Amino acid sequence: MKSINANGQQHALAALARSVSIGLTFLVSPATALAAYDVNIAAPASPISSQIYGLHMYILYVCAAIFVVVFALMFYSIFKFRRSNGSKPDVNFHESTLIEIIWTVIPFVILLFMAIPATKTVLDMKDTTNPDMTVKVTGYQWGWRYDYAAEEVGFYSSLSTPWSQIGQPGEKATEEKGKDYLLEVDNPMVVPVGKRVRLLVTSNDVIHGWYVPQLGVNQYGIPGFVKDVWFKADKVGTFKGQCSQICGKLHGYMPITVVVKSEADYAKWVAEAKARWGAAPAAAAAATPAAVATPEPGKPLTLVDLKAAGEKVYAANCVTCHQASGKGMPPTFPALSGSKVVLGPTEGQINILLNGKPGTAMASFARLSDFEIAAVMTYTKNSWDNSTGKFVTPDDIKAKRKS
Amino acid sequence: MASVTTHDHAHDHGHDHDHHGPGPWTRIFTTTNHKDIGSMYLWFSLLMFFVGGAMALLIRAELFTPGLQVVQPEVFNSLTTVHALVMIFGAVMPAFVGFANWLIPLQIGAADMAFPRMNNWSFWLMIPATVLLMASFFVPGGAAASGWTLYPPLSTQGGIGVDMTIIAIHILGASSIMGSINIITTILNMRAPGMTLMRMPMFVWTWLITAYLIIAVMPVLAGCITMLLTDRHFGTAFFNAAGGGDPTMFMHIFWFFGHPEVYILILPAFGIMSQIIPTFSRKPLFGYASMVYATASIAILSFIVWGHHMFTVGMPAAGQLFFMYATMLIAVPTGVKIFNWIATMWRGSITFETPMLFAIGFLCMFTLGGFSGLVLSIVPVDITLHNTYYVVAHFHYVLFPGAIWALMAGVYFWLPKWTGRMYNETLGKWHFWLSAISFNVTFFPQHFLGLAGMPRRIPDYALQFAEWNMISTIGAFALGFSQLLFVYNVFSCIRSGEKAKERQWDSADSLEWTHLPSPVPYHTFEMPPDLRGAKAVH
């Protein structure tokens, strides 16, 4: 995100900050190679965000003007009327109805001039009529799902930065942080340029915030309710944002990426997406976000194959809470190694995976395919201290899904 | 403050029942003296200020560079949650109640608070509440991690720590309500003859209005978190759509409490400012009556602006516009206050002792916080800045140099009266300048982070936010450690400060300065002073 350096003052500020940081080089991590002293709202990329940008600059200039007047008066009185300057107090100057009226009315008038353009933008933002297309956005702990109603495409989108770049307290990151650190996703939302896109924002669990500043959208997804909001991207490009409402442990790790494509490229993407995620949104619930392919039907499944596939599913979906060691982070995130649920009857574990555990951070993973659930269960039953020698088949999952 | 240890002789002065005086420990538990209780409130809030500050430094340490280094994300969320609760309910509110206890009886010429035993009880209630809140870090599931606003359904997910937090807030709320009943009753019934309402010092006025705010909104908060508790354990569905409830309703109820709460934290600070600025300008407060009306207007407006905390829930345009206009309107009475303070300095004879430095710092920084507040009142701009660091910067500009500096200015201002000793002026000035610089280093860059789109309450961030975060963290540590100067100054003042004069500040004109020696005796105004016909004391 490049800052818009609308005036020289910001250049000066950035330069000042840069020199401060040079002074601190000994403290500075390699990340500084990407030094970005942004001091303003990112370049707008939609009519609404352009209006927001303009409004903000306008209010900022008005505030700057008031600032100059108020601080000039304040510092004038501090310097002029200090005792060391020989100033004698004028104790009778402590009441004036006229002055009180003046400094009540002037701010009121200034506010009117702020309210008028703001009102216009509010009405524009709220006008979600006549969309060219509609996308349903669902927040999850911790990722997003996009369902394109007309195109009949639906898919999940979650953080693709590997944990090896993030690290752990007491455990340094083993990989250097990439340039899109924490702002990259596996499957971005894709929209055509210049079209009115209406978003229906909701959530599957807790409140999330779908926030992409350059498109002028920041909308809570509230479980059980659908709120609508719209944007129209002015230009082709990639626009990034993050979840804006605290939603639990990995709130900081659920970025949003919107890729805006030309109409032709968008059509191409739709075709590819259909092939990949196929079918209608409802059926797509069973589509796989992870790169674990379901083996051909009829091929006999072995424990070794299932466990190997399960390890990948585990790494993509479970590891952040239950940890690679299977020890979890009790008590919030219980251990799977030695867990009664994992070692106990298969039905119990399938039930938790399909339905989640209400009142805890354990969400439903019904969105995984039957094969993936079977694989990850087999993995948990045969890893760490667990060695049941048992494996679970996709048919077990299918049976349970139906009941 | 020193009265706790050094004024046993003062018992001779009074004819109370504990003539022989209880031991120091018994006295701490049983005292009903407004000065003892005021001191206890102040010490307690000072302790909590450092507890909350330590959490803030852990947060800033984690944010020093990108990546996870210091705490797990879940613990980080608990830290931001409890930092806010501790600072609001443990540090700022009790500190102002401490000032109210110490000063209201002295400034209106009353012998004590109206309900001394309830006064004792409202202090001691805070201890179990705080223990509950802090202990929640060590229970299975950890402390509440949903942000201090406790929005469901996230807060319904947490463990027993959330229940402990809810109970703690209940108890603290009860304590605040009792304190407010006491303050209102004292002010309305126990003023000395001639101390009419429109002659009361501004500090008393602001507390009278604040106390009404507390009584109006604390029960709302109590209802709100009780519904949360029953949703969690007793199968209700107030905030669960699956059962016919609505998470948005929680936000409405919470912020109906939450916005007046903001003014609960700042109105008494306005009161302290309105006493310090005239004193060091050697002029009466400019526009006393309009200051009273402005305070009341702010209080009334505070009930109709709560929606501006939730512009992104998807409320209708009419709702957004109403809350935007109402919010902008608050700038008018707040501006009146700022202008009146400047006019108070105008044609004055200003000196710059530590309390005045903090007061001027308050004026400058609070005005900046007001500007960012105005920016945030504009709905479209708020939507792009909602839940970003811009908001964090905004409320720290109004709460740290606002509420906290007012408290510190007040401590420096009244310490000579309370202890009979002077603090160290040089150290006080160092404290001010270090705080002023490091505060701005900490929080000014957070405006930039917010504008660039960095969300709040995240333990880790994208690389483009790295530079300002690092600078902010450096500032935060400097700011935190600068506050130790304050503690040292207060302790050394009590132990070995120079003797203070009865009227340490030559033009301070409220009753504690004009009618009472320094230090103030343990019992004061057993016979109310007769102020009929005397000149106004503000």
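Which residue of strand 10 of chain A does A:Gly241 stand opposite? The partner turns out to be A:Ile256. This is a predicted model, so local features were kept at pLDDT of at least 70 and side-chain atom pairs at pLDDT 80 or more, while totals for chains, interfaces and linings use all residues. Residues are numbered from 1 along each chain as its sequence is written, and chains are lettered from A, with ligands numbered from 1, in the order in which they are written.

The strands holding that pair are strand 9 (residues 237-243) and strand 10 (residues 255-261) of chain A, which run antiparallel and share six bridges. Helices (H or I, at least four residues) and strands (E, at least two) are DSSP runs, numbered from the N terminus, and two strands count as paired if DSSP finds at least two bridges between them. Both strands belong to an open, mixed sheet of five in chain A, ordered 4-10-9-6-7. At its edges sit strand 4 (189-192) and strand 7 (217-221), each pairing on one side only. Neighbouring strands here are turned by 25° against each other on average, direction ignored; axes are lines fitted to C-alpha atoms (for helices, over the stretch in contact), and angles run from 0 to 180 degrees between N-to-C directions. Helix 5 (residues 263-277) of chain A lies across strand 4 and strand 10, at about 140° to strand 4.

Chain A has another open sheet of five strands, again with mixed pairing, in the order 3-2-1-5-8. Strand 3 (153-157) and strand 8 take the edges, pairing on one side only, and the twist from one strand to the next averages 25°. Strand 5 (residues 196-203) is a handy one to follow. With strand 1 (residues 133-140) of chain A, strand 5 runs parallel over seven bridges, and A:Thr138 has A:Thr202 as its bridge partner there. With strand 8 (residues 227-232), strand 5 pairs in the antiparallel sense over six bridges. In that pairing, A:Val197 stands opposite A:Phe231, and A:Arg198 has A:Trp230 as its bridge partner.

Chain B is put together quite differently on paper: 18 helices and zero strands. Its radius of gyration is 23 Å, close to the 24 Å that the globule rule gives for 538 residues, so chain B is as compact as a globular protein of that length. That radius is taken over C-alpha atoms, and the rule is 2.2 Å times the number of residues to the power 0.38. The C-alpha atoms fill a box of roughly 65 × 50 × 45 Å along the principal axes.

As for packing, 65% of the 538 residues of chain B are buried (20 or more other C-beta atoms within 10 Å of a residue's own, with C-beta atoms placed from the backbone). Helix 13 (residues 354-377) of chain B is mostly covered, with 23 of its 24 residues buried. The end C-alpha atoms of helix 13 are 34 Å apart, which agrees with the 34 Å expected at 1.5 Å a residue; the expected span is 1.5 Å times one less than the number of residues.

Where the chains meet, 99 residues of chain A are in contact with 89 residues of chain B (C-beta atoms, placed from the backbone, within 7 Å). Helix 3 (97-126) of chain A is one of the elements giving two or more residues to its side, and gives the most, with 16 residues. The chain A side divides into 57 nonpolar, 29 polar and 13 charged residues; Ala, Val, Leu, Ile, Met, Phe, Trp, Tyr, Cys and Pro count as nonpolar, Asp, Glu, Lys and Arg as charged, and the others, Gly among them, as polar.

Technical notes:
Two residues are in contact if their C-beta atoms, placed from the backbone, lie within 7 Å. A residue is buried if 20 or more other C-beta atoms lie within 10 Å of its own, exposed if 12 or fewer, and partly exposed in between; C-beta atoms are placed from the backbone.
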